[in-house]
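Me: Can you walk me through this fold with a few questions and answers? I'll ask about one piece at a time.

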Amino acid sequence: MAVQLSKDLLRTQFVGKTLHEVATPAVVLDLAKVEANCNMMLEAAQRLHLSWRAHIKTHKTEELTRLQVGDSSSSPVNLVVSTIIEAEQLVPLLKGYQEKGRQVNVLYSFPLYASCIDRLARVSADLGPGALSVMLDHAEQVPYLATLTAKSGGHKPLVFLKVDVGSHRAGVIPDTPACGAAVDALVCAEANGSCELLGLYSHAGHSYATRRDWEAMGILSAEFEALRQVATLVRDKRTGSHAPLVLSVGATPTVTTIQHPDFASTAEGDDGHNHDTDTKNGGKINSVNGSGGSTLLTMVPTSQLKSLIRSLKAEGFALEVHAGVYPTLDIQQLAAHARDYAHLNSSMIGITVLADVASVYPERGDDGTTEALVNAGCIALGREPCADMGEVKGQHYSGWGIVAPWGDEGLVSTSDATVTNSANGNSAANGSNGLNGHSNGHGTNGTNGNHNGTNGHDAGTGTGSNNLLAPGPRFPASHGGWQVAKISQEHGILRWQGRASDEVPLRVGQRVRIWPNHACIASAAFPFYLVVDSRNKGGRGEDEIVDVWVKWNGW
């Protein structure tokens, strides 16, 4: 088991300092942004009357877990963990919620294996009946359930059957002999008293490859449909009365699509009317990638999803959504375009990796541009790419992170945008974005798109000036600025993407903050987060460290 650091000692060491006064590399969270992202997700699930299960694997902290479940709420606390140490460290928090009358349940989201049973049993014994869920995806895993029940003091685990909906990472494939065998074994185990079959669970990892605004909503509907197919088989096999089967679907790209404005106008479409502007195909037409005036269109199937949710509830299923990286977001999420630019942009990313520019190499890069060395390589940033989904390979963003407009005036002043963010009600002009501390492009973002104005950056074609450092509405097809072009263990090579004449100079000794491709992997090597709050305008400002959150690293 990993040794946990002292939060009190770390607070004494860091709180009150600024990001310019601490050692690098370091990982930084912006409290304002992660809090806003958590609140939007809770509100979206509540509007559609969907159960919510928060995955904590991205951050692995008590503090952010509290934000994910609504610390002062009375709703059930349903969580997902990817390591057993996360479940173990959650026990005191979950006991506290139990004392306040909140129902708790933690799901270990890796299919059962022999060496995990003893530790999971202790978690189950500590939390009591109904508080531990486990996952299976093969008939031969079922015997572990009886052992787990016996070792936890007779507390039967709740079980999700993992269903493969297309990502092919784990899970049974619907309508296959393996799926049928797993269902048969689970139904038998439930009848024998060694478990309670809670429901079906899916993770749409392939949704990270979407590249059109709201496209992932169609994958969310497909997830529900696939689980419905397997759930029908379960119902046919079971006897007696049971609680409604839970259909739990999710991944951040799919689940965050329920933040679409159509769902806010009439929760779940309960008035029985279709509020979309185009109903021929059960959806709403939006301009692709938030770029007004583009001839490319994407269908947003809001009506289809509303209808499907109503149908599944009418069939007696309990519906649950889950996601993990949505509080921090990252470059992969921007690339996936789960929402349009007004509702998903770089100003909402809540995580950065703080690094120092150690050296600068003039004219070493492509077309005579500069390269620079930072002390953040693959250990600090991860080696997780954004999949190149472009028709012509090599043109889309292919870096390992993007330098955010922060710090030196040269970086900040190139992001002198006018942005209206309708997702959180904050409006900003001329380089100031109230919640987020910086802005992302000239123009005004409405509900469904972005209009780019005066800086010469053509969002429609992906060409023009690259002065806009932050990813715009055509990202990842259109991209520019300082990017992490190459990484080794501790070395990161920044390369200017764009015309050499547009290059924003970097200097030796300069400090930068880098948006990582994948927040889960980038933060994995760090033992704690330095927490700032971009709402802070007085004192030492947005760069002042206000807290330190210790991570539950290890397995």
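Me: Which residue follows α5, and what is its phi near?

Reply: Quick ground rules: this is a predicted model, where local features need pLDDT of at least 70, side-chain atom pairs count only at pLDDT 80 or more, and totals for chains, interfaces and linings use all residues. Residues are numbered from 1 along each chain as its sequence is written, and side-chain values use heavy atoms, with hydrogens and water left out. Helices are DSSP runs of H or I with at least four residues, strands are E runs of at least two, and both are numbered from the N terminus. As for α5, the residue after it is G128, with a positive phi near 95°.

Me: Where around the axis of α5 do its buried residues sit?

Reply: With buried meaning under 20% relative accessible area (1.4 Å probe, protein chains only), the set in α5 (residues 117-127) is I117, L120, A121, V123, S124 and L127. An α-helix has 3.6 residues a turn, so residues three or four places apart point the same way. Taking directions from the helix axis to the C-beta atoms, these residues span an arc of only 160°, which means they lie on the same side of α5.

Me: What covers those buried residues of α5?

Reply: Contact here means heavy atoms within 4.5 Å. The cover includes two helices and two strands by name: α4 (84-99), β4 (104-111), β5 (132-136) and α6 (143-151).

Me: Which residue in β3 stands opposite R53?

Reply: Strands pair if DSSP finds at least two bridges between them. β2 (residues 51-55) and β3 (residues 77-81) pair in the parallel sense over three bridges. Opposite R53 stands N78.

Definitions and conventions:
Buried means under 20% relative accessible area, exposed over 50%, partly exposed in between (1.4 Å probe, protein chains only).
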